[in-house]
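Student: I would like to take a close look at a single part of this structure, namely one loop residue and its surroundings. Could you please guide me through it and then set it in the wider picture?

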Amino acid sequence: MSNNNDKPLLRVQGLKKYFPVGGGFLRQARSFIHAVDDLEFDIPMGGSLGLVGESGCGKTTTGKLLVRLHEPTDGQIFIQNEQGELEDIAHRKGESMKTFRRRVQMIFQDPYESLNPRRTIYDTVAEPLVVQGIGTIVEREERVAALLERVGLTPATSFMFRFPHELSGGQRQRVAIARALIIDPVFIAADEPTSMLDVSIRTGVMNLMMELAGEMGVSYLYITHDLAVARYMCERIAVMYLGKMVERASTEELLANPLHPYTRALISAVPVPDPRISRQAIDIKGGVSAPIDPPPICRFFARCPLGDDFCENNPHPPMEDKGGGHYVACYKV
Amino acid sequence: MNNPIPEAFDISQAPSTREEKRGSRSSAVWHQFKRDWRVLMTNPVTILGVVLIAIFGLMAISYPLLRATVLGAAFYDPITGFDFAVLHPSPPGPGHLLGTDSLGHDVLSMLLAATQPAFLIGLAASLTTAVISTLMGVTAAYFGGFVDNFLVHIADAFLLLPAPIFMVIVGMRFQDLGPVQLGLIYGVIAGAGSATIVMRSQALLVVARPFIEAARIAGGSSWHIIRVHVLPHMLPLAALYMMLSVTGAVVSDGFISFFGFSRNYLNWGTMIYSSFVYSSSLGTGTEWHVLLPPSLALSLFAAAFYFVSRGLHQLADPRLRTR
């Protein structure tokens, strides 16, 4: 694939997901949670994007939309197919959906719940191969064994036929990584894969993910609420607030030069391990509200220290390039 | 120390993965079974239930053998047998271990003859209950939305239907129903009602777990996910409802017969009924030796499966286990 380096691996345009509130049997829902509203971003071949934001801002929903666990309300998700062309998979169904499943995988947050407790490690890791009908049983076993060794579960023969409850949290997450990589995907959505792990083993799992992604040429979306983790793992970072993307830039640019008031507040909240450094705290008012039928103005307006009449009377600001691929959605910067 | 590496850690000794897999699969199932069995056997009530079921099983198996050997047709056939040597009803004695009723039937023979139909009813009812409740519950929980609403409304309707009364009406209308048919009818009512509601709530818990989403991302079809990931988690609860269904079905069957709607097979309810009816018409008073054995058998048979269900309940819900 030499001629498509200019094309992104994944391109998202106007992605929306609204969840109905209250509707039911023969009854139309009146209001909607705007979980993900009008997202737009690219992930280059072999690149990585960190998705940062507080709880309930739509990070996980975005991840699940990209792997099509949710059906988008609107918008397009383009992904390069095997011929290097961008294909819209936002509303795929049936057999072509199954082919798409080979290209995109997900790693879940909770390694205790994402592995079926009644299935052996081999069953779990080989499942994508089995449902996609790839390889013979012998080939699958060799592949599973090789990958288990690669993710650090050695010797593979002693892990393959154990059950998840016999493994530690870190080992389970390694199994989850092996399951995601077994069918050579091009893209992985990782939903806070280290947040449930013990601090002492987090770095190990993160390093493993980065190494493997580099080796196998996999791009990934790394969802986290921890800016330090996003910085460690990702080339670029996008910040979300209440379903909207508010800022997107390369990792160093975003951390050194945050423009959006929400990003600044987030960064100022990261503890600095040096007591002599004093940093100006950015104050934002109030708490995060539920994004049920939000007013069409800037989502951050109610908490924004910079907001004024102009913000109150205009729609949510569009993402604007402030130079060098640093996109911000704010009228005031 | 000749061998510094303990055998368990020497991976060069590991069998090839294919062999190990096959061995380990079956041994995993076997280990699971042994673990479950051990949990079951910690509950004295469950042990009592298993022993009782074993005794009833022996009764059902021994009946045809005894009839072929010591219980000859002329004296001991539960329908046509009549012993001219004694005055009926006769109390328990050497010729008739549990005595005879006013029509000259041997009580022990009837008691044994009724065991097999009881098992048939129980088996038919429990299998029907398990299949229907699992199908409806899992379908409703997995697909949600309209399917869920539709199935839950059906389940609610069946829930409001009183099974024993319904069975009496069915027994009255269709007097030639065999034990299997009656078991099926009971199984449908019990399975589509309360059992479906409970199985659905269990399936809802399973379906919400992330490994279901992981299987979907792997490309698994709904059928694959239900078969491989959901159904195994439903089995303990299904087994529990099978046991409860046996109890319900056998009691219902006795219930119908007790009202005098006897059918073309013998059951304990019919014996209880006849111990009152013929004795009062012949003026001999209640025949206790005819009344007690089937009453005890019916109660114990129903109780045995309920006792086992208590243990299965602990298995399905580990929070109930005593530490």
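Tutor: A residue is called buried if 20 or more other C-beta atoms lie within 10 Å of its own C-beta atom. The model shown here is predicted, and the part chosen for the close look is Asn267(B), which is found in the loop between H10 and helix H11 (268-282) of chain B. Is Asn267(B) buried or exposed? Asn267(B) has 29 other C-beta atoms within 10 Å, and therefore it is buried.

The next step is to ask which residues surround this position. Leaving aside neighbours within four places in sequence, Asn267(B) is in contact with Ala114(B), Pro117(B), Ala118(B), Asp253(B), Gly254(B) and Ser257(B). Distance along the chain and distance in space can also be set side by side: Asn267(B) and Leu108(B) are 159 residues apart in sequence, yet their C-alpha atoms are 12 Å apart in space.

The chain around this loop may now be described. Chain B contains 12 helices and zero strands, and its pattern along the sequence reads α-α-α-α-α-α-α-α-α-α-α-α. Of its 323 residues, 42% count as buried. Among contacts in chain B between residues at least 6 apart in sequence, 73% join residues at least 24 apart.

One pair of helices in chain B deserves attention. Helix H5 (residues 115-143) of chain B packs against helix H6 (residues 145-159) of chain B at an angle of about 145 degrees, and their axes are 7 Å apart. The crossing of H5(B) past H6(B) is left-handed. H5(B) contributes Met136(B), Thr139(B), Ala140(B) and Phe143(B) to the contact, while H6(B) contributes Gly145(B), Val147(B), Asp148(B), Leu151(B), Val152(B) and Ala155(B). By character, the residues of this contact divide into seven nonpolar, two polar and one charged.

Helix H10, which precedes the loop of Asn267(B), also has a part in the wider structure. The largest nonpolar core has 165 residues, and those with the most contacts inside it are Val125(A), Leu148(A) and Leu221(A). Helix H10 (residues 222-258) of chain B supplies the largest share of this core, 15 residues. As for Val125(A), the residues it touches include Val144(A), Leu147(A), Leu148(A) and Ile182(A), when residues up to four places away in sequence are not counted.

The two chains also meet directly: 22 residues of chain B are in contact with 27 residues of chain A. On the side of chain B that touches chain A, helix H1 (17-40), helix H9 (210-217) and H10 of chain B are the elements that give two or more residues. H9(B) provides the largest share of that side, seven residues. The residues on that side of chain B divide into nine nonpolar, seven polar and six charged.

A loop residue in chain A may be placed beside Asn267(B). Ala90(A) lies in the loop between strand E5 (86-88) and helix H2 (94-101) of chain A. Ala90(A) has 20 other C-beta atoms within 10 Å, so it is buried. Ala90(A) touches Pro72(A), Gly75(A), Gln76(A) and Ile77(A), not counting residues up to four places away in sequence. The C-alpha atoms of Ala90(A) and Leu15(A) are separated by 8.9 Å, although these residues are 75 residues apart along the chain.

Finally, a word on confidence. Chain A averages a pLDDT of 87, and 95% of the residues score at least 70. Among the elements of chain A, H2(A) has the lowest mean pLDDT (83), whereas strand E8 (residues 219-224) has the highest (94).

Notes. Residues are numbered from 1 along each chain as its sequence is written. Chains are lettered from A and ligands numbered from 1 in the order in which they are written. This is a predicted model: local features need pLDDT of at least 70, side-chain atom pairs count only at pLDDT 80 or more; totals for chains, interfaces and linings use all residues. A nonpolar core is a set of buried Ala, Val, Leu, Ile, Met, Phe, Trp, Tyr and Cys residues joined through C-beta atoms within 7 Å. A residue is buried if 20 or more other C-beta atoms lie within 10 Å of its own, exposed if 12 or fewer, and partly exposed in between; C-beta atoms are placed from the backbone. Helices (H or I, at least four residues) and strands (E, at least two) are DSSP runs, numbered from the N terminus. Two residues are in contact if their C-beta atoms, placed from the backbone, lie within 7 Å. Ala, Val, Leu, Ile, Met, Phe, Trp, Tyr, Cys and Pro count as nonpolar, Asp, Glu, Lys and Arg as charged, and the others, Gly among them, as polar. pLDDT is the predictor's confidence in each residue, from 0 to 100. Axes are lines fitted to C-alpha atoms, for helices over the stretch in contact, and angles run from 0 to 180 degrees between N-to-C directions. A crossing is left-handed if the near helix is turned anticlockwise from the far one by less than a right angle, and right-handed if clockwise.
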